[in-house]
Amino acid sequence: SETAQFLERAFDMSPHEAEAVAIKLEDTFRRFQLDAHPTYFAGLQEETIASLINANKRAELIQLAVDGLLSLIVAADKSNTILRRTTRERFLKLVALNMAESTNFDECSLNNLATTFLKEDLFDVGVTEFLSPFFQSGLLFQSDKKVFFTHPYVRSYLLASVLRENPEKAKAY
């Protein structure tokens, strides 16, 4: 009912139409085991919501989940240097690719990758400060000095995304 009320107000839908859309969204999120509060949709455009409802492929839902998770990381970041969601996503794509190319992606590898990334883009932020939100949010974790994604679907999505952008790496993979 909260989602229906939100859709009705935010997108000028009739009560009947908003309720139908809310039910479809609820079914979609339940099917893919994704929790969402109505406020999640506040920043989404109507076309995005429509494509979510009509999504036949899980990738669209995963993309929304990854974007939402990275947006939450940006919002919770207490750093003085504000880095956008897309910047963090670019870095995480590199992390996913390096994890795929190395069986021993560890803390040192992550720090080296972050150092190179920050220097190339001339970001004025320390490596620890840059990496901290990924670990604080639970997106990345360490075990026996190795680094992992907490959610395998995030790693898979980011890896697929970076391989789509780089056909030569995709062939090698």
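**Reading helices, turns and rings in a predicted model**

Me: Where is Glu19 found?

Reply: Glu19 is found in helix 2, residues 15-31. Helices are DSSP runs of H or I with at least four residues, strands are E runs of at least two, and both are numbered from the N terminus. This is a predicted model, so local features need pLDDT of at least 70 and side-chain atom pairs count only at pLDDT 80 or more, while totals for chains, interfaces and linings use all residues. Residues are numbered from 1 along each chain as its sequence is written, and side-chain values use heavy atoms, leaving out hydrogens and water.

Me: How do I read the accessibility of Glu19, and how far is Glu19 from Ala4?

Reply: Relative accessible area under 20% means buried, over 50% exposed, and in between partly exposed (1.4 Å probe, protein chains only). Glu19 has 47%, so it is partly exposed. Glu19 and Ala4 are 15 residues apart in sequence, and their C-alpha atoms are 4.9 Å apart in space.

Me: Which residues have a positive phi although they are not glycine?

Reply: The background is that most residues other than glycine have a negative phi. Here, Asp144 has a positive phi of about 50°, and Lys145 has one of about 70°. Asp144 lies in the loop between strand 1 (140-143) and strand 2 (146-149), and Lys145 is found in that loop too. Asp144 counts as exposed because its relative accessibility is 75%; Lys145, at 59%, also counts as exposed.

Me: How do the axes of helix 5 and helix 8 cross?

Reply: Axes are lines fitted to C-alpha atoms, for helices over the stretch in contact, and angles run from 0 to 180 degrees between N-to-C directions. Helix 5 (residues 85-101) and helix 8 (residues 152-165) have axes that come within 8 Å and cross at roughly 95°. The two helices are therefore roughly perpendicular (65 to 115 degrees; under 35 is roughly parallel, over 145 roughly antiparallel, the rest oblique).

Me: Which residues meet there?

Reply: Contact means heavy atoms within 4.5 Å. Leu92, Ala96 and Met99 are among the helix 5 residues, and Tyr157, Leu159 and Val162 are among those of helix 8. By class, the contact has 10 nonpolar, 1 polar and 4 charged residues (Ala, Val, Leu, Ile, Met, Phe, Trp, Tyr, Cys and Pro count as nonpolar, Asp, Glu, Lys and Arg as charged, the others, Gly among them, as polar).

Me: How many aromatic pairs are there?

Reply: Rings of Phe, Tyr and Trp (its six-membered ring) pair if their centres lie within 6.5 Å; planes under 30 degrees apart are stacked, over 60 edge-to-face, the rest tilted. The count is 7 aromatic pairs. Phe91 and Phe117 make a tilted one, 5.3 Å centre to centre with 55° between the planes. This pair links helix 5 to helix 6 (residues 107-120), 26 residues apart. Phe91, at 0% relative accessibility, is buried, as is Phe117 at 3%. Phe117 and Phe130 are stacked, at 5.9 Å and 25°.

Me: Which residues do ring pairs link into a cluster, and where does the charged end of Arg88 sit?

Reply: Ring pairs link Phe91, Phe117, Phe123, Phe130 and Phe134 into a cluster. The charged end of Arg88 sits over the ring of Phe134, 5.7 Å from its centre (the rule asks for NZ of Lys or CZ of Arg within 6 Å of the ring centre and within 35 degrees of the ring normal).
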